[in-house]
Amino acid sequence: MNARARRSTCLTAAACAAVLLGATAPALAAPTAPAAPAGAGAAVTKPAADFNGDGYPDLAVGAPNATINGLKRAGLVSVVYGSATGLRYDEQQHISRATPGVPGEPTTAETGWGIQASHGDLDDDGYDDLLVSGAGAPVVLWGGEDGISGGTEVPAGEGTERSPAFRSAWHTIGDVNGDGKADIAGAAQVGPQDDSVWGLGTLYGPFDRATGTPSATGWRDTRAEDGVATSNVRIGDMTGDGIDDVVAMGTGRVPADGFQARVLKGTRAGFVPGGRLDARHGGAFGDLNGDGYQDFVGTPQAYDSQNHGGITVTYGGPDGVSTTLPAGRYDQDSPGVPGVNEKGDRWGTDLAVGDLDKDGYGDILVGASWESATAADTALSGSVTMLRGGEDGVTTEGAKVLTQNSKGVPSTSEKSDHFGEAVTVVDADKDGAPEVYVGGNGEDTWAGRVWRLPTGADGVTGTGATSFNLGGGYGSAHFGAYVAK
């Protein structure tokens, strides 16, 4: 099977597991029958990126404060390619706006280029591409047989319903209309910038590689239609029908409504309301109970004055939010969860889902980059907690926490390491045992580092762990501030 055919197959699978927001869908071919739910034991998550089509998952890691051409905080993204022996740390591809073929020029900013990224095959050529957000318009870095090469700015929009303005830095990739093409969706504005309406904008693929132009554009006034002024989105197939759904998060219609979140079901004809859930910012999808529906793990809407953190779990079902399984909420004071709630822990800084113990159920990774180890000089050193999934959903039985002081984990917990700032799950060598990757953007005086933690029958472990960084010359780069998802 050639790379294009192989990746086309993967994208069809991705339509069952990953995408974005939207509005009115473009004209489509005659609909096909939706895929059946995956069934018990299938811990479905979004497929990892494969930028060079070799069949091995790749990883993109952000260093948004990297010094480029002497300019501090200009930013870069590091692409690490997978192989039969795992990620090739020693052959990282560092991409910035100084890289030939990438539009724009490096500039100094409070936080530079590349503060968030997502992956998917935007030009439908069989290779995953990387969408990088940051200062200025979003940029697509194009995948190909030799990996990432060149880039194109995506039109940011004019602020009209026909051309909503994507002024937020948070965008994501998926297939929200079930046509097999990857789309871009995110928070978007309509109207003057000082008096605009925030809602859901969708750029439908495939995209023109030369101009970055989408095949069609959509807008949904989520504040009016759904009661949430969208500022952040995540995508996954909560309905199990093979078309991605969107979790839209933001503030309510009026300040008294506080934070709100809605599931918008993706269909061939556009978005349909799919229920309310407790989520405030970010989150991750995965099948925690093996019923074939992706569940959503987010952070609570309620204001936490102590900032100790917490997570919420909302189960998916045929109508979006499950009507039979109640949602759950967990923090470090929950029975069975290691640790204790403390001021400033930020338990839930980043979240990921993967089958870490190979039992067929997705498990939750909770990053807590401001967590402190026991010693007084380890404030903000960070940690990662694993909560297991099972037939009945999330359980705290067998939960575990790892820090840099855990056996086998390289380095030690030190002040402001921020271990757990980013978390993801990738099986880079395709041996059937996924690895956990943890970013610590404060490590080595903010140069940053990423740790690879193996997994086994007991889930994530420090035994055999390794780590890598950017190498010298990039200053306080904050490498590991995020990983592309």
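How do strand 17 and strand 18 pair, and over how many bridges? Strand 17 and strand 18 (residues 311-314) pair in the antiparallel sense, over three bridges. Here strands are DSSP runs of E with at least two residues, numbered from the N terminus, and two strands pair if DSSP finds at least two bridges between them. The model is a predicted one, in which local features need pLDDT of at least 70 and side-chain atom pairs count only at pLDDT 80 or more, while totals for chains, interfaces and linings use all residues. Residues are numbered from 1 along each chain as its sequence is written, and side-chain values use heavy atoms, with hydrogens and water left out.

Strand 17 is a good place to start. Within this pairing, F296 stands opposite T314 in strand 18. Strand 17 is also joined to strand 16 (residues 284-286), again by three bridges and antiparallel, and there G286 stands opposite D295. Along strand 17 (residues 295-298), D295 and V297 point one way, F296 and G298 point the other way, and all are buried. Buried means under 20% relative accessible area, exposed means over 50%, and partly exposed lies in between (1.4 Å probe, protein chains only).

Further along the chain comes an open sheet of four strands, in the order 22-23-24-25 and with antiparallel pairing. Its edge strands are strand 22 (350-354) and strand 25 (395-402), each of which pairs on one side only. From one strand to the next, the twist averages 20 degrees, using axes fitted as lines to C-alpha atoms and angles from 0 to 180 degrees between N-to-C directions. Strand 22 is antiparallel to strand 23 (residues 363-368), with five bridges between them, and L351 stands opposite V366 in strand 23.

Next comes the interior. In soluble globular proteins, nonpolar side chains tend to be buried together. The largest nonpolar core in this model has 19 residues, of which L59, A63, Y437 and F479 touch the most other members. Such a core is a set of buried Ala, Val, Leu, Ile, Met, Phe, Trp, Tyr and Cys residues joined through side-chain atoms within 4.5 Å. Strand 1 (59-63), strand 2 (76-80) and strand 26 (419-426) each supply at least two residues of this core, and the largest share, three residues, comes from strand 1. Leaving aside neighbours within four places in sequence, Y437 has contacts (heavy atoms within 4.5 Å) that include L59, Y89, V423, W451 and F468.

Aromatic rings add another layer to the picture, with four aromatic pairs in the structure. Rings of Phe, Tyr and Trp (its six-membered ring) pair if their centres lie within 6.5 Å; planes under 30 degrees apart count as stacked, over 60 as edge-to-face and the rest as tilted. Y89 and F468 are stacked, because their ring centres are 4.2 Å apart and their planes are at 10 degrees. Y89 lies in the loop between strand 2 and strand 3 (93-95) and F468 in strand 31 (residues 466-468), so this pair ties together parts 379 residues apart in sequence. Y89 is partly exposed, with a relative accessible area of 21%, whereas F468 is buried at 4%. F468 also forms an edge-to-face pair with F479, at 5.9 Å centre to centre and 65 degrees between the planes. F479 is buried, with a relative accessible area of 0%. Ring pairs thus link Y89, F468 and F479 into a cluster.
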